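Work through the two exercises below with the structure in view. Each task is followed by a solution in steps.

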Amino acid sequence: EPEPELESKIPPEVRRAFAAVDKDGNGSVDVAELRRCLERIGKELRLAVTEEAAARALEAFDEDNSQTLDLEEFCAFVAELRRVLAKTKPKPKPSWYQHPRIPLVVQRAFQVLRRRHDAPRRLP
């Protein structure tokens with residue numbers, strides 16, 4: 001359970017994106033849910049997302065070793081994913097995450113989330 005002061009710093013758009021990715025509504029994102037999220041983004045960027053890649057991404061941000069991402073961990077994941085994708089070559093258009101196939105709640109999360117949220121982490 002995130003601490004109240006940390007949870008209050010998470011933008012509402014990220015909360016809504018988390019709720020959209022958390023398909024079963026159990027308050028955490030498992031590897032299957034994370035993979036579906038990454039597949040939607042990867043499809044628009046023509047990147048393949050394997051189950052192994054999704055599992056490594058989850059493991060990199062799973063601070064409590066629960067094998068899921070809670071809201072706070074998901075927020076750190078989104079911040080790092082945004083940072084990594086911004087450096088992708090060829091660079092996606094500035095509004096790559098505004099593609100109609102990417103859910104609006106995820107688009108808004110990417111728009112408002114700032115890189116300073118957490119110390120930089122690298123996706124495996």
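**Exercise 1.** State where Glu33 lies and whether a salt bridge goes with it.

Step 1. Glu33 belongs to helix α3, residues 31-45 (a helix is a DSSP run of H or I, at least four residues, numbered from the N terminus). The model is predicted: local features need pLDDT of at least 70, side-chain atom pairs count only at pLDDT 80 or more, and totals for chains, interfaces and linings use all residues. Residues are numbered from 1 along each chain as its sequence is written, and side-chain values use heavy atoms, with hydrogens and water left out.

Step 2. Glu33 is buried (under 20% relative accessible area, 1.4 Å probe, protein chains only).

Step 3. A salt bridge needs a side-chain nitrogen of Lys or Arg within 4 Å of a carboxyl oxygen of Asp or Glu. Glu33 has none; Arg36, the nearest side chain of opposite charge, is 4.7 Å away.

**Exercise 2.** Classify the ring pair of Phe18 and Phe74, then that of Phe61 and Phe77.

Step 1. Rings of Phe, Tyr and Trp (its six-membered ring) pair if their centres lie within 6.5 Å; planes under 30 degrees apart are stacked, over 60 edge-to-face, the rest tilted. The count is 3 aromatic pairs.

Step 2. The centres of Phe18 and Phe74 are 5.4 Å apart and the planes stand at 65°, so this pair is edge-to-face. Phe18 is in helix α2 (residues 12-21) and Phe74 in helix α5 (residues 71-86), so the pair ties together parts 56 residues apart in sequence.

Step 3. For Phe61 and Phe77 the values are 5.7 Å and 80°, so this pair is edge-to-face. Both residues are buried.

Step 4. Phe18, Phe61, Phe74 and Phe77 form one aromatic cluster.

Technical notes: Helix = DSSP H or I, 4+ residues; strand = E, 2+ residues; numbered from the N terminus. Buried < 20%, exposed > 50% of the residue type's maximum accessible area, 1.4 Å probe, protein only. Lys, Arg positive; Asp, Glu negative; His and termini not counted.
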